[in-house]
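Me: I am new to reading protein models, so could we go through this one slowly, one question at a time?

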Amino acid sequence: MLTEKKRSTTKPVKTASLSKTKKSSVLGGSVVKIRLKAYYPDRLDHSVREIMDAVKRTGAVVKGPIPLPRRTRRWTVLTSPHVDKDARDQFQLTQHGRVLIVYVSSADTMNAIRQIELPPEVDVVIQVVDNS
């Protein structure tokens, strides 16, 4: 007796990414990568929200925020210069980062990004990437 194998009825899952043809035809073809760094994660997240709100108001598509690995620097300092070599202080500095990828639909998007006022603690690097 032969048995039939049933085919799976699961549907493909839609992802948030756009196909290359959709990006170039619908969105004008230019991609902007915004990289933010800060020592205070709450101020960084607030800045990311401000940028995302401004970009979405212009009708552009935003991918992110993509969290970057934290960069941690540690120092150990002797507290007593002569006698106690076991007495030490340790210091740590942690830098947080996020990346936003913006598919620019018009010049209004770039103007909106330039006009945002961010706290001085947040370092912003804006890079225009060729979409081809």
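Me: Which pattern of helices and strands does the chain follow along the sequence?

Reply: This is a predicted model, in which local features need pLDDT of at least 70 and side-chain atom pairs count only at pLDDT 80 or more, whereas totals for chains, interfaces and linings use all residues. Residues are numbered from 1 along each chain as its sequence is written, and side-chain values use heavy atoms, with hydrogens and water left out. Helices (H or I, at least four residues) and strands (E, at least two) are DSSP runs numbered from the N terminus, and the chain has 3 helices and 4 strands. Read along the sequence, they give the pattern α-β-α-β-β-α-β.

Me: What span does helix α2 reach from its first C-alpha to its last?

Reply: Helix α2 covers residues 41-57, which makes 17 residues. The expected span is 1.5 Å times one less than the number of residues, and for α2 this comes to 24 Å. The helix in the model is close to that value, with a reach of 24 Å.

Me: Why do the buried residues of α2 line one face of the helix?

Reply: Buried means under 20% relative accessible area, exposed over 50%, and partly exposed in between, with a 1.4 Å probe and protein chains only. The buried residues of α2 are Leu44, Ser47, Val48, Ile51, Met52, Ala54 and Val55. Seen down the helix axis, and taking directions from the axis to the C-beta atoms, these residues line one face because they fall within an arc of 165 degrees.

Me: Which exposed residues does the face of α2 turned away from its buried side carry?

Reply: On the buried side, the cover includes β1 (30-38), β2 (61-78), β3 (88-104) and α3 (107-114), where contact means heavy atoms within 4.5 Å. The face turned away from that side carries the exposed residues Asp42 and Arg57.

Me: Is Lys56 buried, exposed or partly exposed?

Reply: Lys56 is found in helix α2, and it lies 9.9 Å from Ala112, C-alpha to C-alpha, although the two are 56 residues apart in sequence. Its relative accessible area is 49%, so Lys56 is partly exposed.

Me: How far does Arg43 lie from the ring centre of Tyr40?

Reply: A charge sits over a ring if NZ of Lys or CZ of Arg is within 6 Å of the ring centre and within 35 degrees of the ring normal. Arg43 lies over the face of Tyr40, and its distance from the ring centre is 4.6 Å.
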